[in-house]
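Hi,

Here is the structure I promised to send over. Have a look at it first, and then read on for what turned up.

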Amino acid sequence: MSSAETHLNIFTLNCWGLKYVSKRRSERIDAIMRYLESSQFDIIALQELWVYADYDIARSRLSRYLPFSKFFYSGALGAGLAIFSRFPIVAATIHPYSLNGSPLDVLAGDWFVGKSAASVLITHPTLGQVQVFNTHLFAKGGEGGPEHHRAHRLVNAWEFAKLAKQAAELGRYVIAAGDFNSIPTTLPMTVIRDHASLSDAWEATHPPPSPSFATLASMPSPFQAVEMHGVTADSPLNTFSAGKHFDVHTRISQGKPPAAPLPTLVATDARVLLTEPIPGLSFSYSDHFGVSATLQIKYPSHGAEPTMSDNKLRTAQKETPPTISALSAPTPIQTSAMLAAADANAVLGALITCYQFSRTRAKRHLFVFGLSVGVITSLVTGISWFPHRAAPFVVLGGAVATWLGTTMFYVGFVYGHWEANALMNVIEELELYRKSVEVVATTGGLDVSIKP
């Protein structure tokens, strides 16, 4: 059996590839490609690959052993997401998240790039259909600070979990990679793991650290943080983020496998890569480290080799064009994932708080719009009362009031309603989900029947 029939090697990295903003971008992209060219990954998921020319370089240099790839578009400036695969890509899709921050937050830029969940459907010679997700969740709003700050990332997590869950229920294997901007113990990751029944490859291959490391007196060193906790961002070891607070961003998860006799995916190794500076240079590959995971393909009947039907399946793939119909999809399954009611309530609390804050903020913006209209009206009606030498200042004041009023109207009315409606959609979805969980908990299941 070839290596591709027994293991899947996955790699993910936030490339920090912002044009004009990211430091030493061209040199770092070249170094990243040199590293990947010498590696043997089956699937690569990159984030913040914003510049299409950089993707073109990556596609050209990786095409020797990763001939299939997809660059994804979203928002005004692009999603920054790309997936490279050793196996044929037969379908691709992107789902922009319904909430990505405010258009007024220009420096963060999440709203302009349209953070999304991208995915490709690949045909594997043994597994059949495998859906590979690549995402980058909303950056601002961690566990600290006001409750409404983390609401947008929670909406991202809920929408991502639904997409992964739907793919698994179609009978597909699911691999999820990306920059989740969350550590494993936080609520966004709990939503993704529990609702989509995804497991973390790092946690599956690394034993929990000693409780002593939880105390301030024995904080792990930067090297221990990487080796034990899988830290990939804000590490003192990274030349671009030295001095920042520790955080964990990138994670790889493999989908919950279908029931026997289909093969199953088991994480056997997970590592943080590219922690050292670029050889010959004094800076890191990116402001994030990379993560790799090895998923073993375990066959039923105590590791038996593929059956005759599996061999026929691979033959069919080689003799026919790479279409979905060339491979028989596994039977649809029902995942046993269950987001706990307490976690659902926590998400609801954050979203409801954000909804109330959003409505209040929209009213403030519309109030400023009303003031701007009043100022413009006063300037127009009273311009004859101003001295002639004040005319330039009156025109400037009118221009500023017009710009401010227009901006506040769009942000207060258009975006204000946009955000509130998106939040309400997820709030009502979670309320329905919570009720179903409560029914299952009290009755042991749902009994739906039609009686004459």
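Which residues are linked with Asp30 in a network of salt bridges? They are Arg34, Glu37 and Arg61. Before you go further, keep in mind that this is a predicted model.

**Salt bridges**

The network is part of a bigger tally: the structure holds 13 salt bridges. As a reminder of the idea, side chains of opposite charge can pair when their charged atoms come close. Here are a few you may want to pull up on screen.

Start with Arg24 and Glu27, whose closest N and O atoms are 2.6 Å apart. Both partners are partly exposed: Arg24 has a relative accessible area of 41%, and Glu27 comes in at 34%.

Next, look at Asp42 and Arg86, where the side chains meet in a salt bridge with an N to O distance of 2.7 Å. Asp42 sits in the loop between α1 (25-37) and β2 (43-47), while Arg86 sits in the loop between β4 (82-85) and β5 (89-96), so this pair ties together parts that are 44 residues apart in sequence. Are the two partners buried or partly exposed? Asp42 counts as buried, at 4% relative accessibility, whereas Arg86 counts as partly exposed, at 24%.

The pair Lys165 and Glu169 stays within one element. Their closest N and O atoms are 3.7 Å apart. The two residues are four apart in helix α4 (residues 151-169), which means that about one helical turn separates them. Lys165 is buried, with a relative accessible area of 16%, because the cut-off for buried is under 20%. Glu169, at 23%, is partly exposed.

**A covered helix and some backbone angles**

How many of the 10 residues in helix α5 (residues 187-196) are buried? Nine of them are, so the helix is mostly covered. The buried set includes Leu187, Pro188, Met189, Val191 and Ile192, and Arg193 and His195 are also among them. Just after α5 comes Ser197, which takes a positive phi of about 60°.

On the other side of that helix, Asn181 lies in the loop between β8 (173-179) and α5. Asn181 is not a glycine, yet its phi is positive, at about 50°. Asn181 also counts as buried, with 6% relative accessibility.

Leu274 is another one to check. Its phi is positive too, at about 60°, although Leu274 is not a glycine. You will find Leu274 in the loop between β11 (264-273) and β12 (290-298). At 3% relative accessibility, Leu274 counts as buried.

**Cavities**

If you are thinking about internal space, the structure holds two cavities of 30 Å³ or more. The second largest cavity has about 30 Å³ of space in it. What lines it? The lining is made up of Asn100, Gly101, Ser102, Asp105, Ala108, Gly109, Asp110, Trp111 and Phe138. By type, that lining divides into three nonpolar, four polar and two charged residues.

One of those lining residues, Asp110, also gives a handy distance to check: its C-alpha atom is 9.2 Å from that of Gly75, and the two residues are 35 apart along the chain. Gly75 is found in the loop between β3 (68-71) and β4, and counts as exposed at 58% relative accessibility.

**A nonpolar patch on the surface**

Last item. Leu366, Phe409, Tyr410, Phe413 and Val414 form a nonpolar patch on the surface, and together they have about 430 Å² of accessible area. Which helix gives the most to this patch? That would be α11 (residues 391-443), with four residues. Val414 lies in this helix, and at 37% relative accessibility Val414 counts as partly exposed.

That is the tour. Shout if you would like to go through any of it together.

Cheers

Key:
Residues are numbered from 1 along each chain as its sequence is written. This is a predicted model: local features need pLDDT of at least 70, side-chain atom pairs count only at pLDDT 80 or more; totals for chains, interfaces and linings use all residues. Side-chain values use heavy atoms; hydrogens and water are left out. Patches are made of residues with over 30% relative accessible area and no salt bridge: like charges are joined within 9 Å, nonpolar side chains (Val, Leu, Ile, Met, Phe, Trp, Tyr) within 5 Å. Accessible areas come from the Shrake-Rupley method with a 1.4 Å probe; for residues, only the protein chains shown count as cover. A salt bridge is a side-chain nitrogen of Lys or Arg within 4 Å of a carboxyl oxygen of Asp or Glu. Buried means under 20% relative accessible area, exposed over 50%, partly exposed in between (1.4 Å probe, protein chains only). On a 1 Å grid over the protein atoms alone, a cavity is a set of points where a 1.4 Å probe fits but cannot get out, and a pocket is an open set with protein on both sides within 12 Å along at least five of seven lines; lining residues have an atom within 4 Å of a point. Grid points are joined across faces, edges and corners, and a volume is the space filled by probe spheres set on the points. Ala, Val, Leu, Ile, Met, Phe, Trp, Tyr, Cys and Pro count as nonpolar, Asp, Glu, Lys and Arg as charged, and the others, Gly among them, as polar.
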